[in-house]
Amino acid sequence: MPKRTDIHKILIIGSGPIVIGQGCEFDYSGTQACRALKQEGFEVVLVNSNPATIMTDPEIADKTYVEPLTLETVSAIIEKERPDALLPTVGGQTGLNLSVELYEKGILDKFGVKLIGANVESIKVGEDRELFKQAMDEIGIPSAKGGFAHTWEEARKIVEETGYPAIIRPAYTLGGTGGGTAFNPEEFEEIAKSGLAASPISQILVEESILGWKEYELEVMRDLNDNVVIICSIENFDPMGVHTGDSITVAPAQTLTDVEYQKLRDMSIACIRKVGVETGGSNIQFAVNPENGDVRIIEMNPRVSRSSALASKATGFPIAKIAAKLAVGYTLDEIPNDITKKTPASFEPTIDYVVTKIPKWAFEKFPGAEDVLGTQMKSVGEVMAIGRTFKESLFKGLRSLEAVKPLRLEGIPDHLLQRKLARPNSNRFSYLTYALRNGYSIEEIHRLTKIDPWFLEQLQEVMQLQARIDGRNLNDVPSEVLQNAKEFALSDRRISYLTNSTEDEVRERRKDLNIEPVYKRVDTCGAEFESHTPYLYSTYEEENEADPTDRRKIMILGSGPNRIGQGIEFDYCCCHASFALRDADFETIMVNCNPETVSTDYDTSDRLYFEPLTFEDVMNIVETENPEGVIVQFGGQTPLNLADRLHKAGVPIIGTSPDSIDLAEDRKRFSALLQELNIPQPDNGTAVSPEEAKKIANKIGYPVVVRPSFVLGGRAMAIVYDEQTLDEYMRTAVDASPEKPILIDKFLERAVEIDVDALADETGCVIAGIQEHIEEAGIHSGDSSSVLPAQKLAAEHLETIKHYTVNLAKALKVIGLMNLQLAIKDDRVYVIEVNPRASRTVPFVAKATGIPIAKIASLIMAGEKTLADFNLPAMLSVPQIFVKSPVFPFKKFAGVDPVLGPEMHSTGEVMGVGETFGEAYGKAMEGAGIVLPMSGKAFISVNDSDKGQAVVLARRLDKLGFDLIATYGTAKRLQEVGLTCETVFKVNEGRPNIADYIKQGEISLIINTPLGRTSHYDEQAIRKSALQFNVPTVTTMTGAEALIEAIATKKSQGQVKVRSLQEIHANKKSLIAEEGR
Amino acid sequence: MNLSKKAILVLEDGRTFRGDSFGAEGETFGEMVFNTSMTGYQEILTDPSYAGQLVCMTYPLIGNYGVNEEDTESRRPWVEGFVVREASRVASNWRSTESLDSYLKRHKIVGIERIDTRALVRHIRDKGAMRAAISSIDADEKSLLEKVLATPAMQNRELASAVTIDKTFDYPAEREEKFHVVCFDFGVKTNSLREFAKHGCKITVVPAETSAKEVLALKPDGIFLSNGPGDPASMQKVVSEIRKLTENAVPMFGICLGHQILGQVFGGETYKLKFGHRGGNQPIMDLTTGKVEITSHNHGFAVEAKSLPAEIEVTHVNLNDQTVAGLRHKNLPIFSVQYHPESAPGPHDSEYLFRRFIELMEKGK
């Protein structure tokens, strides 16, 4: 069937900010879909609130709206753009839910918009557990027994059917609290009743337990001609009970016979037909009983998903791209396979390697959250690794994680080890390998973990091999054993540790013995057909398929797994480097191990090496490819940490030199430089011991900011007010050592923070953006909202900032991008830090200015152009007001205080655009999921120094029609100035208190600034209830002021205004298009 | 981990791979081919169509789920040798009764592991399927190469008679018996019989060289020509017997070798493919419906489309290389496919072909 001709303009809804469970895999799939549809000649309208995505680059769609993903805004976009169709399946759960809402509210009908790819009925069957179960019953596919109960009586009836153990899950509780597994009627009664009480809608799900069953996923595609193919099967290393996003997963399935696999395949095909997904991809999950092969279908996602992104990367079959083409009428047999060129997409990929995905968690950032993995996803990122054996892919994956340090388990008591094995947690590999090394049998570990013995055997084999190397002299390790170790993906570093030698010695020894990696291609077909796409992975075998060219080439090191502080923004920069350099006729080589990203799409660069970002792996690729230049400054801290060693090994690092990077990172050198340039810096020092830290803090005076050097995202960063806390921090939070010193800075209280991004080379410096933070200094810059252009900066400060930026760029000999963090306190501008590399704010600044600064930087770095060639003004302008706001994952971590501080916690960001600050800030808030309250009760509780400001804000709220409610002290102050204000108990003063009010839905806005260290308990209770009941909460006066401004604007504005990036930047010439080629 | 015994694989063009021995020790010869199925090694090992061949699995990890008593496709494994990247040390599956290694040892199948199987597959893909040897007793590649060159090539090799049964036997229908099908055993897989039985057919399995007269004496409602090994061009005697049967208008269904025989019966020619189709992911278009089915393949020869007479219609094509994948006689109740509707291993998309055959028999009754 040829493509549809009845539609011309297609709307795509993206997935919004990066959150746990919805990461940048939807940028990858959305970008593919936009490109595929544009290539087919459709006009593509995109809406996504996330500015850090590639999909929101103005050249990806025809009209790009970086606007909140709300019914109101998207309706306005539909009204303005009048698309013929909406593709709802590439924007994750967010895109799907919003599409259904648009349909149900009649917006799609009103403007004649057709849904393509999936219809509302099939989306509902796929999403609604009851409808799905019923549909599966009708076609004889068994699903887990159980159902929803609203009363104890109902629950008791359901448990008769499910038997024991039974799983109880209360609906809508924070982090799934209040649920559990009942092994007998007594336990069931207890858990069910408390679950019903915990659920705000008094609903629990009671299900038969299939904990410990094997878990599988199949990725299915269907076209309009009813052709159905399976793209990939995935087996979870962790059995049922751990969310698939938190499981180690392996492709293809490892322990199913063909008979059993075909059964799942048949069920998947029957399921997609029954649910009625007309075209595109779906993900179907199954549980298989390891005792007898019984199957339960768990769920299906009638859209592209995290797993489909993984399956695409695992097989080389681009699911989202093909899904987009199927949605506009093509059939699978009409679409060619990109990789073989000669064969069609109507086939099932077969792979001749093993793919392992390993999640990355951030429990260390959420003290108070229990490190236990369950049905609620908690990981913030993932790595994927490819190897010819499971052992190889697993151990490549483990080293891709950049794990800080392994747990020291020596001497752990058996009962504790067993408990840790039985309750999955983020350190399970440490426990598993420790148990294997210490005499636990595979049977015993299987009994505790339910992990398939086959997987455990693979681990065992690696442990046994390690034991053969452990303690030997490197030169005494037989060549065959060393070869074997490399086949099992033991790193040179690991071998050096085992043989008490250095990594360089291992590398040298290996080369002497001719033990070197080769590269194989991912080709969708197990080598049956020739591959035309250099998508490569390393292994230790005979034949090398890398086949390097003799073109001019630049290698870009990616940013590895997403984590808090190092996310999609850096992938954006890496992609931009690749796009620009490709256009400038370089061969671009991407190295990365993150399956969620656009950078690991085989289409992004000329060559893709899906490899860990370690010195060993990168050097191997450098030696194979011999690139003219390597870019380490775009992928965040991961590649930057390799810069020095790569440089010393003779690798041509382009752009700002590793020495300059070190100059900026090394506190002592940097301080000297600032002094020389006469630039003020907060008093500071570097400590390598608790004693030294105390001495420094006493000298510069409390409060101080303390943090380890060489980290991103403010890991283990804290503001310390006294010596006792400092001592505690030094002893518990960090291991200070001469290699890892602790930085101590004077904390500038109530200072305004500024972020500057700039481009520079020897021909000059261009200031791309001076962003003003909404929240004051002390809250991590990644967790603070910021605005472009700066709203409140005095002209002379602006000049000072420009002056400092230019001078620093020159002094550091920056070639490419540079980021500065500054603070203004008491009319004085301080430089806090300088990073001569791409920063988290590059995509935001690029979208706000309409100038692709990462592309320009990469061309400068490659020496293709000078900055002067681009004829940019000394400072870029922005045609509107742009606000960037963070999005937080606190809801996923029960027990954690959702308070902001110097350690970063946000997972993603949104952008709001407007003519006024109020409009832009309001949109940013809405984009971040905060519904601006228009009326109701505003609760105010602030510390003494904020009370004056509180009066001003309260007056404004009063004028806007809000009722005021406050705790005693604040209420008294407001009443004194003549405002009507209700008084409410603090949490520890009695009941009903403010937390009760929040739970009853009485409060529509909370302004609560920290009252100092003493009343922490009260504030925590307020913040936690506010989080649970979705009440907008601000914890700074500046934030409160901005929010009230946004409310006021929205009240006066009426109809929401939407503007595409293309309109906003209409008069800006397409710089790269003209200059870059 | 003990140091494994070494083994060597030598191809007739001299390319040599050194790895570890697994399965039985010894020396074995055959045509080197590869299969791209990720599951189903037990079915592949026991598929008689692999007689005369050394099979390399493109999926690197083989043996993970062991071997069980149900998933065998014939009375014993037929591959001459087995080549894998890594043979699993353990078997993990609730139905498993034995490890792959022990199964191969028991059936004296020589295997080699820990070689760069992808390099081997790429070599075969580029140079074509060729004769080869695996040995764990002769480590000298020159002497092994000489032995390889002394073995027969697959072209013109007749192998069905080596795998067919000696004596006719009946395979009962499940539940009610509606039809009687005579199956020529050129190397039939048990799952074909299971499929017929499931559709209410009693099957009488007869040796490959059974005469037309003997078959007609059984009064079949339909005749099934099975898959099997070897060069179809070498089977002219069988072709002429089948030709006699077509004169009787008994519904006839051929698969794989059976399809190639039918092609010759109607005057078509067969030819050897460079490296064949072996795997479970081959896209076939049913030209009568325009739909694509994902199919299981195992063949090194194909029917030449141009050689076919006007009364034969090409009903199915392989979308990967446009080769003939299905035929139908325009006037007689006879059709055939180049692939394996009985799957085992592989997807079940083509099961409808059995129903098509049942419909033909219904019409014929």
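**Group meeting talk: chains A and B**

Okay, let's start where the two chains meet: chain A puts 48 residues into the contact, and chain B puts in 41 residues. Before I go on, please remember that this is a predicted model. On the side of chain A that touches chain B, two helices each supply at least two residues: α9 (258-275) and α16 (453-469) of chain A. And what is that side made of, by class? We get 17 nonpolar, 14 polar and 17 charged residues there.

Now stay with chain A and look at an open sheet. Five strands, parallel pairing, and the order reads β36-β35-β34-β37-β38. At the edges sit β36 (981-983) and β38 (1033-1034) of chain A, each pairing on one side only. Further in, β34 (residues 936-941) of chain A runs parallel to β37 (residues 1003-1008) of chain A, and five bridges join them. If you want a pair to click on, try A:I940, which stands opposite A:I1007 in β37(A). Packed on this sheet is helix α31 (residues 947-959) of chain A, which touches β34, β35 (962-966) and β37 of chain A. The direction of α31 makes about 145 degrees with that of β35(A).

Over to chain B, where there's an open sheet of ten strands with mixed pairing. The order is β10-β12-β11-β13-β14-β19-β18-β17-β15-β16. Its edge strands are β10 (169-171) and β16 (291-303) of chain B, and from one strand to the next the twist averages 25 degrees. Zoom in on β17 (residues 312-318) and β18 (residues 324-329) of chain B: five bridges, antiparallel. Which residue in β18(B) is the bridge partner of B:E313? That's B:R328.

Two helices to point out here. Helix α6 (residues 190-198) of chain B packs on the sheet against β10, β11 (179-185) and β12 (201-207) of chain B, with its direction at about 150 degrees to that of β12(B). Helix α10 (residues 352-364) of chain B lies across β11, β13 (222-225), β14 (252-255) and β19 (334-337) of chain B, and runs at about 150 degrees to β13(B).

Last stop, a helix pair. In chain B, α8 (residues 236-246) and α9 (residues 257-265) have axes 9 Å apart and pack at an angle of about 75 degrees, so α8(B) is roughly perpendicular to α9(B). From α8(B) you have B:V238, B:V239, B:I242, B:R243 and B:T246, meeting B:I261, B:Q264 and B:V265 in α9(B). By class, that contact has five nonpolar, two polar and one charged residues.

Note on methods: Residues numbered from 1 in each chain as written. Chains lettered and ligands numbered in written order. Predicted model: local features only at pLDDT ≥ 70, side-chain atom pairs only at ≥ 80, totals over all residues. Contact = placed C-beta atoms within 7 Å. Helix = DSSP H or I, 4+ residues; strand = E, 2+ residues; numbered from the N terminus. Nonpolar A, V, L, I, M, F, W, Y, C, P; charged D, E, K, R; others polar. Axes fitted to C-alpha atoms, helices over the stretch in contact; angles between N-to-C directions. Parallel < 35°, antiparallel > 145°, perpendicular 65-115°, else oblique. Pairing = 2+ DSSP bridges.
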